[in-house]
Amino acid sequence: MVQLHVKRGDESQFLFNTTVDAPLETVIQQVTAIYNGRLKVDRICSEIPELADHGITLPPNMQGLTEEQIVELKLRDEWEDKCVPSGGPVLRKDEIGRRNGHAPTDKMKEVLMRTMEEAKALISNVSMRFKSYIVYFTPKVRFFLVLYLSLFIPQKQVQANVCVTMEMVKEALDQLKGAVMIVYPMGLPPHDPVRMEFEDREDLSGTQASLQVITEDECQLWWAAKEMQRGKKLQDYIGKNEKTKLVVKIQKRGQGAPAREPLITDEQQKQMMMHYYRRQEELKVRTGKAKL
């Protein structure tokens, strides 16, 4: 199998297996689906802590208003009585006025947070050993472990040498959806961003997240400063060696060629600098001894 190390700019995204005779239309479609699917999982996971801490999202016309303004305008959240978390709500006011403050119990919150961590680990190529042991940590420790791994995931992906598949992305989404159904058996309001993501109705216009998404039609794959053209096969660029490993960059159409890969990696540069520093220190010691 040919292994593609997919990057966006200088940031590693995931590893992907394919074959040399795969049409590039198919490769682009699969890579784009995984790339956007991972973004969707990340967006849902960014909302889960808010859902766990402050309950469902208020209707758009009530968000950001104070309690006095809501009373004065005679507004009412019709979903408050319909979307009640299992075990009853716990009052935790949302200071920014985005959610209704009727949060799940600590037990239900634990279900959401644990599933969020497992879903992120699934698409982040965290080793199976870590996945099996993470459940034994306290919620706070697990949160910071996943946060740490999400910050340094480019290195983890390459080191783990585990390829991401669309099945893994779907499994992560199914896990998140199942956890939300356990905590909110009556479902979420139609305007809640978590439900909108599950139903592919998310509105990302005007957000930073919209700049990250790349549709299949506008997606380009680049390798060795060349765009890999639709209508060709992978072997037209790299030959027929099925054991080839290469770095490809995913790019939006019209953004031009991405920057070339550096001749040496950051890790290699660090090792060279450490060697140079140690060499300097050794020379200082020898020079000092020679003067004596």
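Reader: Does Ala225 count as buried, or what else does Ala225 count as at its relative accessibility?
Author: In this predicted model, the relative accessibility of Ala225 is 38%. Because buried means under 20% and exposed means over 50%, the value for Ala225 falls between the two limits, and the residue counts as partly exposed.

Reader: Where is the place of Ala225?
Author: Ala225 is not a glycine, although its phi is positive, at about 65 degrees. Its place is in the loop between E5 and E6.

Reader: Is Asp200 buried or exposed?
Author: Asp200 lies in the loop that runs between H8 and helix H9 (208-212), and its phi, near 55 degrees, is positive in a residue other than glycine. Its relative accessible area is 58%. Since that value is over 50%, Asp200 is exposed.

Reader: Which are the edge strands of the open sheet?
Author: The open sheet has 5 strands with mixed pairing, in the order E2-E1-E7-E5-E6. An edge strand here pairs on one side only, which is the case for strand E2 (11-18) and strand E6 (226-227).

Reader: How many bridges join strand E5 to strand E7?
Author: Strand E5 (residues 219-223) and strand E7 (residues 245-252) run antiparallel. One of the residue pairs is Trp222 with its bridge partner in E7, Lys249. The number of bridges that join E5 to E7 is 4.

Reader: What angle does the direction of helix H1 make with that of E2?
Author: Helix H1 (residues 24-54) packs on the sheet, where it touches strand E1 (2-8), E2, E5 and E7. Strand E2 is itself mostly covered, with 6 of its 8 residues buried. The direction of H1 makes with that of E2 an angle of about 135 degrees.

Reader: Which residue in the turn of the E1 and E2 hairpin has a positive phi?
Author: E1 and E2 pair in the antiparallel sense over 7 bridges, and Lys7 has Ser12 as its bridge partner in E2. The two strands form a hairpin with 2 residues between them. In that turn, a positive phi of about 70 degrees belongs to Gly9.

Reader: With the side chain of which residue does the side chain of His5 make a polar contact?
Author: His5 has its place in strand E1, and at 14% relative accessibility it counts as buried. Its C-alpha is 9.7 Å from that of Asn161, although the two residues are 156 residues apart in sequence. The polar contact of the His5 side chain, at 2.9 Å, is with the side chain of Ser12.

Reader: With the side chain of which residue does the side chain of Asp192 make a polar contact?
Author: Asp192 is in the loop between helix H7 (166-183) and helix H8 (193-198), yet at 0% relative accessibility it counts as buried. Leaving aside residues up to four places away in sequence, Asp192 touches Leu51, Ile56, Thr57 and Arg99. The side-chain polar contact, at 3.3 Å, is with Arg99.

Reader: How far apart are the end C-alpha atoms of helix H3?
Author: Helix H3 (residues 106-123) has 18 residues, which at 1.5 Å a residue should span 26 Å. Buried residues in H3 include Met108, Val111, Leu112 and Ile123. The distance between the end C-alpha atoms agrees with the expected span, at 26 Å.

Reader: What does the count of disulfides come to?
Author: Cys83 is buried, with a relative accessible area of 4%, and Cys219 is buried too, with a relative accessible area of 0%. A disulfide needs a pair of cysteine sulfur atoms within 2.5 Å. By this rule the count of disulfides comes to 0.

Note on methods: Residues numbered from 1 in each chain as written. Predicted model: local features only at pLDDT ≥ 70, side-chain atom pairs only at ≥ 80, totals over all residues. Heavy atoms only, no water. Buried < 20%, exposed > 50% of the residue type's maximum accessible area, 1.4 Å probe, protein only. Polar contact = N/O pair within 3.5 Å; in protein donor to acceptor, adjacent residues only side chain to side chain. Contact = heavy atoms within 4.5 Å. Pairing = 2+ DSSP bridges. Axes fitted to C-alpha atoms, helices over the stretch in contact; angles between N-to-C directions. Expected span 1.5 Å × (residues − 1).
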